[in-house]
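I opened this notebook page to record what I looked up in one structure. My two topics were the surroundings of a ligand and the packing of a pair of helices.

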Amino acid sequence: MFKTAITEMFGVKYPIICGAMMWLSKPPLAAAISNAGGLGNVTAGNYETEEEFRRAIHETRKLTDKPFMVNITALPSLRITKEHHMMYVKVCAEEQVAGIEFSGAPADKAVGLEGVEKLKKAGVKLFHKVGSVRHAVHAEKVGYDGIYAAGIEEGGHPLSDDVTTMILTPRIVESVKIPVVAVGGIADGRTMAAALTLGAQGVMMASRFIATKECQVHDKIKQELVRRQEYETSIFGRSIGLQGRALMSKVIKEIIAIEERGGGLEELIPLMSGQRIKQAWETGDVDYAPLMVGQSIGLIKDIPTCQELLDAMAKECIAALTKANAYVK
Ligand SMILES: Cc1cc2nc3c(=O)[nH]c(=O)nc-3n(C[C@H](O)[C@H](O)[C@H](O)COP(=O)(O)O)c2cc1C
């Protein structure tokens with residue numbers, strides 16, 4: 001049904017990839033997405049020891065015989081250090097995972113060219129999530145197999161260049177020869193069709209997967225994402241050089257107020273700590289910690305299974321492409 005560089009590279013039915021989600025992209029969700037015909041994600045930062053990380057890969061493989069991605073996020077962190085990144089690379093190469101989504105620092109800086117070589121030798125496909133043409137061009141030179149082009153609409157940590165997916169995708173497509181996947185602002189078949197029309201070989205989404213039956217978060221959060229609209233997210237963290245996009249909430253307003261009056265890390269860190277975020281996902285208290293989601297939440301209207309979501313998306317994407325084609329005489 002779909003034939004793109006992504007479906008060909010991984011032998012999957014749909015060119016739909018789940019992005020990294022700290023605390024959420026774990027084996028049950030990853031396997032559900034891969035079993036549904038997409039590419040699930042196991043986010044390495046969820047695991048601090050080699051044993052735990054390897055166990056997560058094995059657990060995913062017990063739940064699916066289909067390929068899935070692993071994310072390695074190389075952003076400033078007190079919890080996950082360079083040693084962790086090196087360990088993740090070693091395990092991914094030994095386990096011969098299908099592919100890695102690197103984000104933050106590129107692999108050549110985060111784990112060295114030896115790390116890149118080790119992964120390539122093991123047949124692991126390497127993708128870098130970037131927010132600019134210059135980072136995409138660098139990744140291609142380093143030998144990555146593809147680019148995730150992430151616009152400012154995305155949940156998580158969009159680059160402070162603040163370029164939208166609509167512009168970034170075609171700019172990167174025309175600047176590199178390796179396949180490009182569009183990220184940010186995608187949550188249904190219409191946005192998927194738009195991304196493919198811009199030259200993307202696939203789409204990545206994360207927020208949409210939170211509101212699925214298989215995602216292990218409190219049900220109140222899933223309901224909240226259905227209720228909230230596209231204008232109800234906010235950028236924060238600019239003052240500390242690491243901007244994020246999260247669901248608008250009491251705590252986000254508090255964080256922004258602290259930033260506006262020049263408050264520093266010592267005031268901000270307690271409100272943004274990883275443990276606090278983890279607890280908010282588990283208890284369903286959206287006002288307790290920044291919950292990283294993108295503007296794509298405006299397109300979330302139900303809580304399907306991953307299979308129902310991907311099948312409906314594919315159908316809607318084909319209908320949208322067919323409709324657009326009919327405009328051409
Ligand atoms: C809850 C959540 C946690 C995320 N955690 C990470 C992360 O640890 N590393 C990373 O590179 N991106 C992370 N992201 C960003 C996603 O991988 C993806 O780039 C982005 O969410 C796409 O935009 P969308 O959510 O609108 O689909 C996170 C996103 C969400 C929604």
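The entries below begin with the ligand and then turn to the helices.

Entry 1, the model. I note at the outset that I am working with a predicted model.

Entry 2, the ligand shell. I looked up which residues surround the ligand and found 21 of them. The closest are Ala20, Ser103, Glu154, Ser207 and Ser296. Sorted by class, the shell comprises 8 nonpolar, 10 polar and 3 charged residues. I also checked the strands: β3 (68–74) and β4 (99–104) each contribute at least two residues to this shell.

Entry 3, polar atoms at the ligand. I looked up three distances. A polar backbone atom of alanine 20 lies 2.7 Å from an oxygen atom of the ligand. For methionine 22, a polar backbone atom is 3.1 Å from a ligand nitrogen atom. At threonine 73 the partner is in the side chain, where an N or O atom is 2.8 Å from a nitrogen atom of the ligand. I then checked burial: the ligand taken alone exposes 600 Å², and the protein buries 95% of that.

Entry 4, the helix pair. How do the axes of α12 and α13 cross? I found that helix α12 (residues 250–260) and helix α13 (residues 265–272) have axes that come within 10 Å and cross at roughly 170°. Angles over 145 degrees count as roughly antiparallel, and α12 and α13 are therefore roughly antiparallel to each other. From α12, the contact is made by Val251, Glu254, Ile255, Ile258 and Glu259; from α13, by Glu267, Leu268, Leu271 and Met272. By class I recorded 6 nonpolar, no polar and 3 charged residues in the contact of α12 with α13.

Terms used. Residues numbered from 1 in each chain as written. Predicted model: local features only at pLDDT ≥ 70, side-chain atom pairs only at ≥ 80, totals over all residues. Heavy atoms only, no water. Axes fitted to C-alpha atoms, helices over the stretch in contact; angles between N-to-C directions. Parallel < 35°, antiparallel > 145°, perpendicular 65-115°, else oblique. Contact = heavy atoms within 4.5 Å. Nonpolar A, V, L, I, M, F, W, Y, C, P; charged D, E, K, R; others polar. Near = heavy atom within 4 Å. Polar contact = N/O pair within 3.5 Å; in protein donor to acceptor, adjacent residues only side chain to side chain. Areas by Shrake-Rupley, 256 points an atom, 1.4 Å probe, with all protein chains shown as cover.
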